[in-house]
Amino acid sequence: MKNTKKNVKIVLLLLSFMSILLIGIGGLGLLGMKSIKDGLQTVYLDRVIPLVDIKAISDSYNDILHTTHRALAGKIDTYKARVRITRAVEKIDIRWKKYKATYLAPEEKKLITEIETLQITASAPIGKLLAALQEEDKQTLANYTLDEIYTAVDPIITKLSKLEDVQFKVTKEEYDKADISYIRSRNITIVGIVFGLLMAIIGATHIVSGITKSMNEKHAAFQKYEEGLNKSEERFRMFFDNAPDAVFIADIETGTIVDANPSATTLLMKPKEEIIGMHQSELHPHEGEKYSKETFKLHIVEAKKGTLSQPIENKVVRADGSYLWVEVNAQAITIENKEYLLGVFRDITKRKKAEAELDNFFNISRDMLCIADTQGYFKRINPMFEITLGFTAGELMSRPFVEFIHPDDRQNTLDELIKLSQGIPTIYFENRYICKDGTYKDLAWTSSPESGMIYATARDITERKKIEEEVRVERDKLNSIMNTIDDGIYITNKNCELQYVNPVVEREFGAILGRKCYEYFHDKSEQCPWCRRDEVLSGKTIHWEWDYPRNEKTYHRYDTPINNKDGSVSKFALFHDITELKKAERQIMVSLKEKEMLVGEIHHRVKNNLAIISSLLRMQSYYIKDGNTLRIFKETENRIKSISTVHDMLYRSKDMASVDFKQYINRLIKTLYDTYRDNLSGIKLTTDVEDVSLGIDLAIPCGLLINELLTNAVKYAFPDGKTGEVYIGLHPASGGVIELIVRDNGIGFPETLDIWNTQTLGFQLITGITQTQLEGNIEMDRTNGTQIKVRFKAREQING
């Protein structure tokens, strides 16, 4: 018995060991199944899902063909056609990049290369079509045939179909391999687990129980799913009634609406009873009914193919007459063995308003706005491109934009395009674009890449570049002048910091050792007390002399404020070395004083000599007994005294260049009183002399003239002791003319007297001095006595 029990224990141990071993094999199988299951998941993600991308790309190309056909046939307006084609192009770009990022077999890679070559060829006719739609160019659209776009796009669709077949074949091969591995692992797992459980039935009861429970739960879930299938109609109704979007169900043959959900009644502001029975085209404004009918037909065609229709944007009219924009998605459904078209209308009014505002901003912007692809084509441009460059939108969008760039700027532009394709935005970039008239415009770009497209802003900076170039030329000229001028120039800011010094300053004062001007020029630690910086910075321009003790030179300073770009003010100082000039001035002043002393001495000696002659005449007159002869001597003496008085006044004057005639006439009158005291006892002398100064070249003849006129008036106007008045006036008139008037109210000259033809010395002197020395003219008035007016110009006016 003991041996039997022992043997039983051994058998049980062996069975337990075998069960553990088999269960372990089953466990390894489970791990293998998990790994293979993950592999199947990878195949699904990397191989099956991309099939959807290929289908979507192919559908987008078909949509381009379909939309082009409708646009050329006039069944869709140019705006909607352009939007639909643009979206199809964007969708192709996004899906293509997504597809290329998955695992690809060699055969697929070869086809991809061929397709991309065809895509590059197709971009030109598509771009041309978009440009024509953008411009609403009916002439271009009329010349544009469907064959042109079909020839470009159809080969791509054919290649995509082939790529789809290859993709499906490779996917099936990969999936079959994974599936076979999965089945093998599953069988091994089942065998291991079953035999392990049979051998370890005693210890594995709870496992069986767990498996049974799991199977029961799965069966219950399946039963629940079946119940759910039976309730699908109920769930559809729940979805239909509670959908946030408006949902319409229309007869697929007639287009008559047979049902509408509550959101539809809200959208149209109509009760359900009024909506049911309407034709679907009645949902839209009158001008959109034809388009709506065509759209419904298109949806029917797509529904019968079993494909989901492309979203279409349209307007719906509400009960109050207002409009809303909606995005319509349609799909065929079967209800009780009858086909209907289910349309979902999503309100996109806010989005359309935002798009309209964006379009408005896009079109009115003074900057050049564009959207381009990484293949180098404009996809959209605003009117400023046409205004700036002169090309039409169609011309700009039908060719790679690099063709419009200056040859010298193309490589830099391509380098920048590569950065954009790598996701690196352009902060600032300049290049030159050719205009239609052959000239070039300088443009400054800011660009940002997003989802395979490039969004860019350009600004015309041609005029700014011209101004910058002109400023640079003027700056170079100014720098050249400042660096070569013989005068010193420096600029300081409000803190006395030297901002600029020219070579003359460094040559005169040495290298710039300090940053402050008072440190550099004067070795001071603070602003100089005599500095006039504050006056300059307040806006004044000043001229002053600067004595510099360190080199014992004198400079003439010109300090003026200059405005800086930041709004601050600096001081511009220009100084000219006038040391030698100051020395020359001092020498001239010394020489002038010497000459003034010499001239004064000459006047003094002439006056003395004339006084000696006058004295000699007076002494000689003492021996003359004849009255007529004595009168002649007296008149000659007075004439000499008139000349002598001029020299005497010049000698005594601080200004040796001119004679003060007011003072001079007073001295002449005193001389006449001394000579004709007896004749003047009943005569009143009136003077009206303004401040007039004459040079010696006019003073002497003018003095002689006054002497003769006064002498004649005193001698002949009042015979036999008659009384009266003699007036003498001297004043400047207009045009630099000087007027001398001598007038009396005496007996006057006889009418027969001609002053130009007389034998008397007095009148000969009067006319001769006036004509030859003063270069003037004489006017005589015999009314109420005699008035003689002499007009002449000052010598400066004659010489000037």
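Me: What is the relative accessible area of Arg472?
Reply: The value for Arg472 is 33%, so this residue is partly exposed. Buried means under 20% relative accessible area, exposed means over 50%, and partly exposed lies in between (1.4 Å probe, protein chains only). The model is a predicted one: local features need pLDDT of at least 70 and side-chain atom pairs pLDDT 80 or more, whereas totals for chains, interfaces and linings use all residues. Residues are numbered from 1 along each chain as its sequence is written, and side-chain values use heavy atoms, with hydrogens and water left out.

Me: Which residue does Arg472 meet in a salt bridge?
Reply: Its partner is Glu469, at 2.5 Å from N to O. A salt bridge here is a side-chain nitrogen of Lys or Arg within 4 Å of a carboxyl oxygen of Asp or Glu. Glu469 is partly exposed because its relative accessible area is 37%.

Me: Where do the two lie?
Reply: Both Glu469 and Arg472 belong to helix H15, 3 residues apart, which is about one turn of the helix. Helices (H or I, at least four residues) and strands (E, at least two) are DSSP runs, numbered from the N terminus. An α-helix has 3.6 residues a turn, so residues three or four places apart point the same way.

Me: Which residues are joined into one network by salt bridges that share partners?
Reply: The network consists of Arg87, Glu313, Glu327, Arg351 and Lys352.

Me: How many salt bridges does the whole structure have?
Reply: The search finds 30. Among them, Lys159 and Glu114 pair at 2.7 Å, N to O. This pair links distant parts of the chain, with Lys159 in helix H5 (residues 146-199) and Glu114 in helix H3 (residues 106-135), 45 residues apart. Lys159 counts as partly exposed because its relative accessible area is 25%, and Glu114 is likewise partly exposed, at 29%.

Me: What about Glu430 and Lys465?
Reply: Their side chains form a salt bridge of 3.0 Å, N to O. Glu430 is in strand E8 (residues 426-434) and Lys465 in helix H15 (residues 462-484); the two are 35 residues apart and link distant parts of the chain. Glu430 is partly exposed at 32%, and Lys465 is partly exposed at 27%.

Me: Turning to the surface, which residues form the negative patch?
Reply: Asp660, Asp688, Glu690 and Asp691 form it. Patches are made of residues with over 30% relative accessible area and no salt bridge; like charges are joined within 9 Å, and nonpolar side chains (Val, Leu, Ile, Met, Phe, Trp, Tyr) within 5 Å. Lys and Arg count as positive and Asp and Glu as negative, while His and the chain ends are not counted. Each charge is placed at NZ of Lys, CZ of Arg, CG of Asp or CD of Glu.

Me: Where is Asp691 found?
Reply: Asp691 is in the loop between strand E17 (683-689) and strand E18 (693-695). Asp691 counts as exposed because its relative accessibility is 70%.

Me: Which residues form the nonpolar patch?
Reply: Ile612, Leu616, Met619, Tyr622 and Tyr623 do, with about 630 Å² of accessible area together. Accessible areas come from the Shrake-Rupley method with a 1.4 Å probe; for residues, only the protein chains shown count as cover. Met619 belongs to helix H19 (residues 579-621).

Me: And H22, is that helix mostly covered or exposed?
Reply: H22 is mostly covered, with 18 of its 21 residues buried.
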